[in-house]
Amino acid sequence: MWLRGHGNKPLRDARGEAIAFRIAASKALAGQGTWYQLCTAHRAAQDIFGGWHTGLALIPFTLSELAEGPRQ
């Protein structure tokens, strides 16, 4: 997953590359929808953005997009 950032684009690192997150857990909460616990190997992004997010904050990607980066 990519985490939705400014302008509905994936969150990017200092080099401009999209930061991939993985879903470590999920919880469906009545009246709140499903929440996803995200984690990433990117240390700074993990410290700042790792944790629970709603599905609205996520952008799914294909394996080819992971290798190539998101479409502009």
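**View 1. Polar contacts of the T40 side chain in the predicted model.** The side chain of T40 reaches the backbone oxygen of A20 at 2.8 Å, and it also reaches the backbone nitrogen of H42, at 3.3 Å. A polar contact is a pair of N or O atoms within 3.5 Å, where within protein one must be able to donate a hydrogen and the other to accept it, and residues adjacent in sequence count only if both atoms are side-chain atoms. This is a predicted model, in which local features need pLDDT of at least 70 and side-chain atom pairs count only at pLDDT 80 or more, whereas totals for chains, interfaces and linings use all residues. Residues are numbered from 1 along each chain as its sequence is written, and side-chain values use heavy atoms, with hydrogens and water left out.

**View 2. Surroundings of T40.** T40 lies in the loop between β3 (33–39) and α1 (43–49); helices (H or I, at least four residues) and strands (E, at least two) are DSSP runs, numbered from the N terminus. With a relative accessible area of 16%, T40 is buried, a term for values under 20% (1.4 Å probe, protein chains only). Not counting residues up to four places away in sequence, T40 touches I19, A20, F21, A45 and Q46, contact meaning heavy atoms within 4.5 Å.

**View 3. The open sheet.** In the order β2-β3-β4, 3 strands form an open sheet with antiparallel pairing, two strands being paired if DSSP finds at least two bridges between them. Because β2 (22–29) and β4 (51–54) stand at the edges, each with a single partner strand, one side of each is left without a neighbour in the sheet. The antiparallel pairing of β2 and β3 runs over 7 bridges, and the bridge partner of R22 in β3 is C39.

Terms used:
Buried < 20%, exposed > 50% of the residue type's maximum accessible area, 1.4 Å probe, protein only.
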